[in-house]
Amino acid sequence: MPRTIAVFGAGYIGLVTAACLAELGHTVVVRDIQPERVQRLQAGEVPIFEPGLAEMIARNTERLSFTLDAATALAAAEVAYVCVDTPPTVSGDADLSRVWSVVDSLRGAPALLAVVVKSTVPVGTGRRIRTVLNESGLEHVAYASNPEFTAEGRAVADFMTPDRIVIGGSDQDVIRLVADLHHGINAPIEVMDVASAEMTKLAANAALMTRISFINEIAALCELTGADVELVSKAIGLDHRIGAHFLQAGIGWGGSCFPKDSEALKQLASNTGYHPQLLNAAIEVNNLQKRRAIQTLKQALGSLEGTEIALLGMTFKPSTDDMRESPSTVLAARLLAEGARVRCWDPLAPQELPEPWSQTTRHPRALDALDGADAVILATAWPELRELPWHEAHDLMRRPVMFDGRNLLDPAKMRALGFTYMSVGRP
Ligand code: UGA
């Protein structure tokens, strides 16, 4: 049965959720507090890049609208989906202020049957929201947790063809309601209590991060012993108990989710008196990974003082324009601190970026960034970088030194072209 849904938050998660729910036949009103964002959406513009999203929004305009006003969004809403962001506070805990302000706005919603939280929240948040709903005269409104597992750059596909749908709720009616909203999607539905659903989200991300740090640690050992992490990773991934995904060695994870969720889980553990050793180690390996890259380059060049370094790829991964917690930001800052000049290229990263990016120069073509450079770092696995005419780049560079932070290129080929080629965990 098609429902009327208010989606709170028009960020990566909210917009994808809203577009996909509209695609599934529901009527969706998206509410955001940023006037410029809402105006652009009302004018048919999509303010973020996510493959397939603009097309999906365009084909569902009849069932999809955008507003700044919570009351308008809630006027006919049977379900309120909370998709606002939960950035870290100064203490590293998740900042739930945006979640609370949505919950506050629900009072008096005439048709509301359920509040569903998709935002990533600490375990126990659902219980607190339930109490606040009861105190606001919304005892009749059910509560569910429906965490998201979509990755940026493939979020629409992940939503429509997920590995599983997780629904946490305390009664069968709300679970059936949320399950029915996904009618048309063929995936196992994992039903559980609210706290377990909240933990599932954090645990899934922690498992993925741990795998990346694990393979990066193996990569460091490969470097010390002469083994090749790419061969090791492929071979261990073929063991069905291990699996092939998230075993790509490189300069580590970034993005809007892993850094914040690892910190939030760590604080959640600490707040309960538990010392999360494995999680701490995964975070530490990830932090070190970027500094090791600079150290490797420094050893190759002698000193970075006064050098020109091309930094190719800025976003935290390809197919996104998202720069949040991108490893490249740490690389740029470290290079500048070592006295290097940094020349960047990225096909999608925004032009306006916070520090340290204003101290770098941006080039529209990768070859322009490479012209006269003393070394190049590949920081994002953009397919364009695989296709670059590296023989031409070699001739343009002052010194053909490369650190391939994503193991994107073939070491033998790059050396044959005359590059001093270094990567992560490969001899
Ligand atoms: C991640 C999860 O993959 C999603 O399932 C989850 O829903 C999402 O966080 C979230 O919590 O919202 P995302 O951050 O978009 O998605 O990106 P990933 O594809 O997971 O990549 C994260 C980082 O890990 C990137 O910087 C990527 O380059 C790095 N990575 C990934 C590696 O270094 N090695 C790998 O093998 C895989």
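## Exercises on a predicted model

Valine 16 is buried, at a relative accessible area of 3%. The model is predicted. Work through the tasks below.

**Exercise 1. Valine 16**

Task: place valine 16 in its helix and list its contacts beyond four places in sequence.

Solution.
- Step 1. Valine 16 belongs to helix H1, residues 12-23.
- Step 2. Apply the cut-off: buried means under 20% relative accessible area. Valine 16 has 3%, so it counts as buried.
- Step 3. Skip the neighbours within four places in sequence. Valine 16 then touches Gly11, Glu50, Leu53, Ala155, Val156 and Phe159.
- Step 4. Take valine 141 as a second reference point. It is 125 residues from valine 16 in sequence, and the C-alpha atoms are 25 Å apart.

**Exercise 2. Helix H11**

Task: check the span of helix H11 and decide whether it is enclosed or not.

Solution.
- Step 1. H11 covers residues 258-271, which makes 14 residues.
- Step 2. At 1.5 Å a residue, the helix should span 20 Å. Its end C-alpha atoms lie 19 Å apart, which agrees.
- Step 3. Ten of the 14 residues are buried, so H11 is largely enclosed by the rest of the structure.
- Step 4. Among the buried residues are Phe258, Pro259, Leu265 and Leu268. The buried residues pack against helix H9 (194-225) and helix H12 (277-301).
- Step 5. Glycine 273 follows H11, with a positive phi near 90 degrees.

**Exercise 3. H9 against H11**

Task: describe how H9 and H11 pack.

Solution.
- Step 1. Two packed helices are described by the angle between their axes and the distance between the axes.
- Step 2. For H9 and H11 the angle is about 115 degrees, and the axes are 10 Å apart.
- Step 3. The range 65 to 115 degrees counts as roughly perpendicular. H9 and H11 are therefore roughly perpendicular to each other.
- Step 4. The crossing of H9 past H11 is left-handed.
- Step 5. Residues of H9 at the meeting include Met199, Leu202, Met209 and Ile212. On the H11 side they meet Phe258, Asp261, Ser262, Leu265 and Leu268.

**Exercise 4. The sheet**

Task: give the strand order of the six-stranded open sheet and name its edges.

Solution.
- Step 1. The order is E11-E10-E9-E12-E13-E14, with parallel pairing.
- Step 2. Strand E11 (361-362) and strand E14 (420-423) each pair on one side only; they are the edges.
- Step 3. Helix H13 (residues 327-337) packs on the sheet and touches E9 (308-312), E10 (341-345) and E12. The directions of H13 and E9 make about 175 degrees.
- Step 4. E12 (residues 375-378) and E13 (residues 401-404) run parallel, joined by three bridges. Valine 376 has methionine 402 as its bridge partner in E13.

Note on methods:
Residues numbered from 1 in each chain as written. Predicted model: local features only at pLDDT ≥ 70, side-chain atom pairs only at ≥ 80, totals over all residues. Heavy atoms only, no water. Pairing = 2+ DSSP bridges. Helix = DSSP H or I, 4+ residues; strand = E, 2+ residues; numbered from the N terminus. Contact = heavy atoms within 4.5 Å. Axes fitted to C-alpha atoms, helices over the stretch in contact; angles between N-to-C directions. Expected span 1.5 Å × (residues − 1). Buried < 20%, exposed > 50% of the residue type's maximum accessible area, 1.4 Å probe, protein only. Parallel < 35°, antiparallel > 145°, perpendicular 65-115°, else oblique. Left-handed = near helix turned anticlockwise from the far one by under 90°.
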